[in-house]
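This briefing introduces one structure to a reader who has not met it before. Please have the sequence and the three-dimensional view at hand while reading the points below.

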Amino acid sequence: AARLGRSICRTPALLLPARNVHRLPRLLPSRSLISLFLALIAASIGSAAVASTAMVGLSATAFSPSGDGSKDSVDIEVTVDAASTVDIEVLDAASAVVRTLASRVAVLPGTTSFRWDGHNDGATVVPEGTYTVQATVDGGDGLTSVTDEVTVDITPPNLRWGDIAPE
């Protein structure tokens with residue numbers, strides 16, 4: 001399961017006209033009434049009023065791109081609520097881009113997965129440290145940027161033999 005990172009939701013301000021509210025059915029439950037009212041408003045003022053949201057999640061908080069076949073990459077899941085274009089970059093501690101995973105990739109509503117293998121744009125393994133995965137989503141109503149952090153750990157564990165004795 002993906003761990004959800006920080007997300008940002010932008011909602012354009014809506015001015016709701018008070019006229020004609022009395023024409024809505026009065027027998028609907030309050031949730032249905034609110035849903036109907038919001039659907040009518042969104043339809044009357046166009047798709048620009050619909051907020052776009054985006055989330056980014058990582059399959060692990062740390063991975064080891066050592067090439068041993070175990071935890072060599074991290075999956076990045078970007079979830080959007082509307083058709084969008086996505087840019088995904090990996091930034092180091094100095095906020096410099098070390099890898100561009102996606103540039104203006106068209107995605108449909110839902111979750112799209114990308115994979116980072118721990119290499120930079122020069123195809124070499126990045127140094128150990130914490131990296132920021134940044135997804136910039138353009139849903140047609142402006143840019144939304146979401147981030148999450150992952151640690152690259154390439155130091156092998158230090159194993160020592162010891163005596164094992166029964167209790």
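Strand 6 (residues 84-91) and strand 9 run antiparallel and are joined by 7 bridges. The model that shows this pairing is a predicted one. Strand 9 covers residues 129-138, and strand 10, its antiparallel partner over 10 bridges, covers residues 143-152.

**Strand 9 and its partners**

- On the side of strand 6, Glu 89 stands opposite Gln 134, a residue of strand 9.
- On the side of strand 10, Val 152 is the residue that stands opposite Gly 129.
- Strands 9 and 10 form a hairpin, and 4 residues lie between the two strands.
- Within the turn of this hairpin, Gly 140 has a positive phi of about 95°.
- Of the 10 residues in strand 9, 7 are buried, so the rest of the structure largely encloses this strand.

**The aromatic pairs**

- The structure contains 2 aromatic pairs.
- One of them is formed by Phe 63 and Trp 116, whose rings meet edge-to-face, with 5.3 Å from centre to centre and 70° between the planes.
- Phe 63 belongs to strand 4 (residues 62-63) and Trp 116 to strand 8 (residues 110-116), so this pair ties together parts that are 53 residues apart in sequence.
- Trp 116 also pairs with Tyr 131: the ring centres are 5.6 Å apart and the planes stand at 65°, so this pair is edge-to-face.
- Because Trp 116 lies in strand 8 and Tyr 131 in strand 9, the pair of Trp 116 and Tyr 131 ties together parts that are 15 residues apart in sequence.

**The aromatic cluster and its burial**

- Phe 63, Trp 116 and Tyr 131 form one aromatic cluster.
- Phe 63 has a relative accessible area of 3% and is buried, because the buried class holds residues under 20%.
- Trp 116 is likewise buried, with a relative accessible area of 0%.
- Tyr 131 has a relative accessibility of 5% and so counts as buried.

**Points to retain**

- Strand 9 pairs in the antiparallel sense with strand 6 and also with strand 10.
- Strand 9 also holds Tyr 131, which forms a pair with Trp 116 of strand 8.

Terms used:
Residues numbered from 1 in each chain as written. Predicted model: local features only at pLDDT ≥ 70, side-chain atom pairs only at ≥ 80, totals over all residues. Heavy atoms only, no water. Buried < 20%, exposed > 50% of the residue type's maximum accessible area, 1.4 Å probe, protein only. Pairing = 2+ DSSP bridges. Phe/Tyr/Trp six-rings, centres within 6.5 Å; stacked < 30°, edge-to-face > 60°.
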